[in-house]
Structures are given as structure tokens and as C-alpha cells.
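Student: Please give a close account of how the metal site is arranged, and then place it in its surroundings.

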Amino acid sequence: MDLKTLYRQVIMDHYKNPKNKGLKNEAPYHLVHLTNPSCGDDMRVEIIVSNGKVIDVRQEGKGCSICLSSASVMSDLLIGKNVDEAKALIHGFYSMVSGEELPDEDKLEEAIAYKGVRDFPARIKCATLAWKCVEKAIEEVEQHE
Ligand code: ZN
């Protein structure tokens, strides 16, 4: 199996069997809702941050397979990470999809499957939408602490 096939499989697995799907709509979850009008993606992400750690991430959206699967991969990757680590992973993901070489891209684990998005600039917003949600949610939670 070549790398592209493997990556496609990761994306399809998370699209068909999304992790951490469904919102709680209650405290202490903090919700951020963002859309990507260019594709019609609509994403909601909820997080709990406590003592500098991402305790939980929930996600729920409508949209394309890149967007929805990426939300699942993101939630799986960030749960249990400390906030600084999570921010570094989010920025690493942005760098990777925009075509930069990352020395420590292995840290992105399954999210590395979106590396090919760099060849399809119109899809970068699809791949990053859930990550923008969680980034904003972390910022907002930190502002209220
Ligand atoms: Zn999309």
C-alpha cells in the first residue's frame, strides 16, 4: 500500500466512524462555531480545559469528508494534551497543510494524512476548519481564566 492510499484510508475511516462526535451543550464545555462558506462546511467544537490541559474535545459538523474527518482526527489527537502542546500541534498542522516541511511531523500522528491537502489549496480551509474552532475555543477559555 502506498502512502497516498494509506492517507486516504485514514480520512475515510474517520469520516465513516467519527470520534468524539456529538455536542454536550452544557458547562464546563466551551463551544465555538465556525463555517467555511467556500465549501459549505459548518463545524462546532466543544472543549473542556482544566489546569492547563485539554480534558475533552467534542465535535459536530456538516460538510465535506475532508472537513468532517479532520475534526475527528483533531479531537483524537488533542484530548489529554496540555494546552501548549495542543497549540503547537494546531500550528504544526497549519504549517503542514500549507506546504511547509515540519521536522517533527510525526507528532501530528494520523493528522499527517492531510499532508496532501497542500496540493489542493481550495481544500485547506476544509482541513483546518475544526482546528480553527479548537484554537479559538482554547483562546477564549484562557481569556476567561
Ligand atoms: Zn469542505
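**The zinc site and the nonpolar core**

Tutor: Cys64 counts as buried because its relative accessibility is 14%, under the 20% limit. This value, like the others here, comes from a predicted model. Cys39, by contrast, has 35% relative accessibility and therefore counts as partly exposed. Both cysteines are protein donors of the zinc ion, each through SG. The other protein donors are Asp41, through OD, and Cys126, through SG; the donor distances run from 2.1 to 2.3 Å. Around the zinc ion, the four donor atoms subtend angles of 96 to 123°, so the arrangement is tetrahedral. Along the chain, the donors are spaced as C-x1-D-x22-C-x61-C. Within this pattern, Cys39 sits in the loop between strand S1 (30–36) and strand S2 (41–50), while Cys64 sits in the loop between strand S3 (53–62) and helix H2 (65–78); the pair therefore ties together parts that are 25 residues apart in sequence.

Turning to the nonpolar interior, the largest nonpolar core holds 44 residues, and those touching the most other members are Met43, Val45, Ile47, Leu78, Phe93, Tyr114 and Trp131. Two or more residues come from each of helix H1 (3–16), S2, S3, H2, helix H3 (83–97) and helix H4 (124–143). H4 gives the most to this core, namely ten residues. Phe93 can be followed in detail: leaving aside residues up to four places away in sequence, its contacts are Ser70, Leu108, Ala111, Tyr114, Ala127, Thr128 and Trp131.

Methods
Residues numbered from 1 in each chain as written. Predicted model: local features only at pLDDT ≥ 70, side-chain atom pairs only at ≥ 80, totals over all residues. Heavy atoms only, no water. Donors = N, O, S within 2.8 Å, 3.2 Å for Na, K, Ca; no water. Tetrahedral: all angles 85-135°; square planar, octahedral: opposite > 155°, others 65-115°. Helix = DSSP H or I, 4+ residues; strand = E, 2+ residues; numbered from the N terminus. Buried < 20%, exposed > 50% of the residue type's maximum accessible area, 1.4 Å probe, protein only. Core = buried A, V, L, I, M, F, W, Y, C linked by side-chain atoms within 4.5 Å. Contact = heavy atoms within 4.5 Å.
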